[in-house]
Each structure stands twice: as structure tokens, then as C-alpha cells.
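Student: I would like to learn how to read a structure like this one, feature by feature. Could we begin with what it means to call a residue buried, and then work outwards from there?

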Amino acid sequence: MPDRSASLRRGYAAEIARLAGVRDPRIEEAFAAVPREDFSGPPPWFVSGGGFGGTRGGSELARLYEDVLVAIDRGRRINNGQPSLHALSIDALAPKEGETVVQIGAGAGYYTAILARLVGPTGRVIAYEIEPDIAERACVNLAGYSQVEVRPRSGVGEALPAADCIYVSAAASHPVRAWLDALKVGGRLLFPLQAAHSSGAMLLITRPASGDAWPARFLTSVVFIACEGAQDATMARKLDDAFRRGGSGRVGSLRFDARQSPSDWLRGDGWALSTEAAE
């Protein structure tokens, strides 16, 4: 089994890196190093090419080493995410050796392990998972990663540790203040900006050394489950309207300014995603 798994992982990692267009070769190495079966529970495994429908079960290890979602809990429609999407996202987030990563929505810990490989033994990954039973699974699965701490709560309604990277795997209708506040200078926040039960896109925000305009850009369209405590009904309607109008590809900054501007793509309370670039 170990030899079979290692062989499958090498081919899988190369294909995921190709599909995602990753620039950092360490990401392919991390995907090749982490056994996905260690985070998927015992077979049969239920996999799907996307969304929550069309799953198929099986006990063949090769099923796990395709660009597919793997169910964590079918009843709650929770899965561990599509590898190529996470590879693309982690590549954009660019975690470095020795950095601190805060992960919101760890699931059973598979991508937590990928992040741990990227920050190395001198880094830290602090992983929040709101579902207590799944957090317990993550703790067991990640016991061999000394740089990882799993916290069985949401990561929305509390002050977070100072972070170089914050990686969110559940949809928010707006940039959450606690996430922005936790970023160090030069820190990166990546999360799905999406209304609940809708579609959206991954948004990357970087904290500058100074100023009220933070570099921001969208990466790719996504559909995620909603992040509890990070959905506002009014903002969700505005967000859906903004995506329907189009132009998300022109967003260049997150601005903290109470004044409306023609450059606003989406405006919240005291902030806006703007088509102006950050200086």
C-alpha cells in the first residue's frame, strides 16, 4: 500500500500542479508528500468531480488521486475540496518557510498538512474547524505535524493570532474585520467572497505597510459552503448584484473610505472593493 500510494501521489501531484498552473515547485512536492487517504477516513470513499451531487463510492486507492472532491460527511454535504483549486489558491497565497498561517475551515486536515509542509518545522499553522467531530478527526490526522494546532471553533468571532497568511475555506459575504486585523504587514488573506447558496470568487487581499488602500484581486470563480458568522444578508444581495453586473476582474484594491466613488465595484460599511489599483 505505501509504495502504491507514493507512486499515485507523484503522478497526481504533477497533474494537479499542471492543472492549477502553480509557480512554486514546493506545492507539487507537498501534494506528492501528503497521503490523501490519511485524511479521507476508511473506504469506501465517495468522490465527485464537483459540487455535492453525482458522488460515487469505491475502495480503489486511485480514486483519491484524481482532481476530485472527497466526502468528509455526506449527510452534511461537507467535502475536502478540489485539489486543483486549492493548489491554485495556495500558490497565490504564497506561504513561505517559517511563516504563520491561520486556516479557517480545516475540515479533516488534508490541506492543513499541505500548508504545514510549506511553512516547514519553523512555521506554524493554526487551523480552525467549527464542527467539533470533524475538528477531532483533524487533530488525530495531524498528530504527526508538530507545527499544527487545531482549534475546534469558527475563527470568525474572536481575535486571531498575528498571521502572515490567512486561508479561508468557507464563503463570506464581506471581508471579515478579525481576519484583516490579524494580518501582519505584507500578510495575505485569501477567502471565497460569496453569498450563501450562491457563487462567487476567491479574493486575495494584501496588507500594505501604510495607507487605506490594500492591494486586492480576484483569482477564480468558486462555490463554497457558507462560513458561519461571516454572512450578512444585505451584503449578500449587493454582492450577487455586483457579480451579475460583471467587472470583478478589474478590482485592484480594498479601500477603507466612507465616501462613495465611481470606482467602487462593491461598497460595504466604510470599505469598498475598487477598480483603482492600490498605490
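Tutor: A residue is called buried when its relative accessible area is under 20%, exposed when that value is over 50%, and partly exposed in between. Please keep in mind throughout that this is a predicted model. Take L69, which sits in strand β3: its relative accessible area is 9%, and therefore it is buried.

Student: Which residue is 14 positions away from L69 in sequence and 7.6 Å away in space, C-alpha to C-alpha?

Tutor: That residue is P83, which is itself one of the buried residues of helix α3.

Student: How is burial read for a whole helix, taking α3 as the case?

Tutor: One counts the buried residues along the helix, and in α3 the count is 10 of 11, so the helix is largely enclosed by the rest of the structure. The buried set includes P83, L85, H86, I90, D91 and L93. As a general idea about such helices, there are 3.6 residues a turn, so residues three or four places apart point the same way. Helix α4, residues 110–119, is also mostly covered, with 9 of its 10 residues buried, among them Y110, Y111, I114, L115 and V119.

Student: What backbone feature comes just after each of these two helices?

Tutor: The feature to look for is a positive phi: just after α3, A94 takes a value of about 60°, and just after α4, G120 takes one of about 75°. A94 is a residue other than glycine, and it lies in the loop between α3 and β5. With a relative accessible area of 28%, A94 is partly exposed, because that value falls between the two cut-offs.

Student: Where is R77, which also has a positive phi although it is not a glycine?

Tutor: R77 is found in the loop between β3 and β4, and its phi is about 60°. Its relative accessibility is 49%, so R77 counts as partly exposed.

Student: Which two residues are joined by a cis peptide bond?

Tutor: To read this feature one looks at omega, which is about 5° for the cis bond that joins P43 and P44. P44 belongs to the loop between α2, residues 25–33, and β1, residues 45–48.

Student: Is R151 buried or exposed, and what does it touch?

Tutor: R151 has a relative accessible area of 16%, which means that it is buried. This arginine is found in strand β7, residues 148–151, and, not counting residues up to four places away in sequence, it touches I126, A127, Y128, E129, E158 and P161. V185 offers another case, in strand β9, residues 183–193: with a relative accessible area of 58%, V185 is exposed. Leaving aside neighbours within four places in sequence, V185 is in contact with R207, P208 and A209. Of these partners, P208 is 23 residues from V185 in sequence, yet the two are 5.7 Å apart in space, C-alpha to C-alpha.

Student: How should I read the largest pocket, and which residues lie nearest its centre?

Tutor: It helps to take its volume, its lining and the chemistry of that lining in turn. About 850 Å³ of space lies in this pocket, and 43 residues line it, with N79, S169, A170, F224 and I225 nearest the centre. The elements that each supply at least two lining residues are β3, β4, α3, β5, α4 and β11, which include the two helices discussed above for their burial. By class, the lining divides into 21 nonpolar, 16 polar and 6 charged residues.

Student: What can be said about the chain as a whole, starting with its radius of gyration?

Tutor: For 279 residues, a compact globule would have a radius of gyration near 19 Å, and the chain has 18 Å, which agrees. Its C-alpha trace spans about 60 × 40 × 35 Å along the principal axes, and the chain contains 7 helices and 14 strands. Buried residues make up 51% of the chain. Among contacts with a separation of 6 or more, 57% come from residues 24 or more positions apart. The accessible surface comes to about 12,300 Å², of which 50% belongs to carbon and sulfur atoms.

Key:
Residues numbered from 1 in each chain as written. Predicted model: local features only at pLDDT ≥ 70, side-chain atom pairs only at ≥ 80, totals over all residues. Heavy atoms only, no water. Helix = DSSP H or I, 4+ residues; strand = E, 2+ residues; numbered from the N terminus. Buried < 20%, exposed > 50% of the residue type's maximum accessible area, 1.4 Å probe, protein only. Contact = heavy atoms within 4.5 Å. 1 Å grid on protein atoms, 1.4 Å probe; cavity = no way out; pocket = protein on both sides within 12 Å on 5 of 7 lines; lining within 4 Å. Points joined across faces, edges and corners; volume = space filled by probe spheres on them. Nonpolar A, V, L, I, M, F, W, Y, C, P; charged D, E, K, R; others polar. Rg over C-alpha atoms; globule rule 2.2 N^0.38 Å. Areas by Shrake-Rupley, 256 points an atom, 1.4 Å probe, with all protein chains shown as cover.
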